Amino acid sequence: DECEGLNLPDMTFTDEEMPVDPSKISWPPRPNIADLGVYYDEMKEFILDDSKMELIYPPMDGTKRKLIHTIADLFSLKSKSYGNRKKNRHVRVYKYDDIPQKVNLTSRDIAEANFNPRTKDLKIPIFIKESPIEVLEESIISTDPVTGQELVKRIIGRGEGDIPTLGDQVYVHYEGYYMDGGVFDSTIVREKEFYFIIGEGHVIPAWDIAIQTMQIGEKIELITPPVFAFGELGCPPRIPPGATLKYEITLLRFSLPIEKQSLTTVESVADSIEIAKTLRCEGNAFVSSKSFRKATKAYNRALDIFKNLKNISD
C-alpha cells in the first residue's frame with residue numbers, strides 16, 4: 001500500500017463536525033428581481049457563515065423591509081423590524097427562534113452596518129472615526145460659569161498667519177462625531193467647504209469661540225460639551241439630548257463677509273435652508289439653557305432666511 005507508514009490526518013467526522021458542501025444543499029430558487037436577488041445572496045452567505053448568528057440591515061423604508069422579511073421567510077429564518085420611526089426602522093435576521101422584542105443600538109453598531117454619503121438626508125453615523133493619536137497641544141479655551149463645562153481644543157496640525165475675528169467670513173472643512181466615534185456630518189464626504197460669519201449665530205457657540213483662536217491651515221479636534229453645542233434638548237434625530245460632541249476642523253481661509261449674497265441659484269438656496277436648520281437647533285440649545293432672548297433671536301434669524309427665499313420665489 002502506497003499510504004502505509006504515512007502519518008495521515010484523521011478525516012473522520014461526527015455529524016455535527018461534518019463540513020457543509022454548499023453545492024449539496026437544496027437551496028430555494030433565487031428570485032430574478034434585482035433587490036430580492038441581492039438580499040437572497042446576502043442571506044445565503046449568512047447561513048453558511050457559522051460565526052454569525054444575526055444579520056443586521058441599516059435603517060430603510062417599509063418597502064425594502066418587506067423584501068428582506070420575504071427572503072428571510074424563504075430561507076425559514078426569523079426576522080424582525082426594530083426602531084421607533086416607521087420610515088427609518090432597521091431589520092435583523094436571526095438563525096434562532098427566541099428573538100429579542102427590543103434591541104439597543106449604539107452608533108458604532110449602526111455605522112458598521114451602513115455607509116451613506118448623502119449627509120443631508122442622514123439620520124445615523126456615516127462611518128467610525130478615531131481620535132487623532134498625536135496631539136500637538138491641548139488647552140481649555142472656555143468654561144461655562146454656570147455648569148462648569150469646559151470647551152477643549154486639541155491642536156493636531158499647525159497653521160500660520162493671521163487669526164480671524166468677529167464678523168469675518170471663514171471657510172472650513174470639518175467632521176462632526178459622537179464620543180464613540182460615529183461620524184454624523186462631514187464636509188469631506190460632501191466634498192464641499194462650509195462657510196459662515198463669526199458671531200452671526202450661524203453655528204454652535206463652540207465654533208464661534210474656537211475659530212477665533214485658529215490660524216489658516218490649522219487643524220484641531222474640539223471636545224464640545226452640550227452647553228457649547230446643542231444643549232440638553234439636542235437636535236434629534238442626529239444629536240441626542242445632552243450630547244457631548246467632537247469636531248475635527250481645518251481653517252482653510254477667511255475674509256470680510258459679502259454684505260449681500262445672491263440667492264438666485266439652487267445651490268445658495270439649499271445652503272440657506274441648511275443655515276436655517278442650524279439656527280433652529282441653536283435656538284433649541286438656548287431654550288434648554290433658559291436663554292430665551294437669545295433663542296428668540298436665533299429663531300427670528302431663521303425666519304428671516306425663509307422670508308428672503310419667499311421674496312425670490314415671488
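Reader: What makes S1-S3-S2 the order of the open sheet of three strands?
Author: Pairing sets the order. Strands (DSSP runs of E, at least two residues, numbered from the N terminus) pair if DSSP finds at least two bridges between them. S1 and S3 (residues 90-94) have three bridges, in the antiparallel sense, so they count as paired. One of these links joins Ile56 to Arg92 in S3. This is a predicted model: local features need pLDDT of at least 70, side-chain atom pairs need 80 or more, and totals for chains, interfaces and linings use all residues. Residues are numbered from 1 along each chain as its sequence is written, and side-chain values use heavy atoms, without hydrogens and water.

Reader: Why are S1 (54-56) and S2 (78-82) called edge strands?
Author: Each pairs on one side only. From one strand to the next, the twist averages 20°.

Reader: What makes the set of 30 residues a nonpolar core?
Author: A nonpolar core is a set of buried Ala, Val, Leu, Ile, Met, Phe, Trp, Tyr and Cys residues joined through side-chain atoms within 4.5 Å. Buried means under 20% relative accessible area (1.4 Å probe, protein chains only). The set of 30 is the largest such core, and Trp207, Leu222 and Phe230 are among the residues with the most contacts inside it. Strand S6 (169-178) and strand S10 (245-255) are among the elements that each supply at least two of its residues.

Reader: Which residues does Trp207 touch?
Author: Contact means heavy atoms within 4.5 Å. Not counting residues up to four places away in sequence, Trp207 touches Val172, Tyr174, Phe194, Phe196, Leu222, Tyr247 and Ile249. Apart from this core lies another, of 16 residues, among them Trp27 and Val93.

Note on methods: Helix = DSSP H or I, 4+ residues; strand = E, 2+ residues; numbered from the N terminus. Axes fitted to C-alpha atoms, helices over the stretch in contact; angles between N-to-C directions. Buried < 20%, exposed > 50% of the residue type's maximum accessible area, 1.4 Å probe, protein only.
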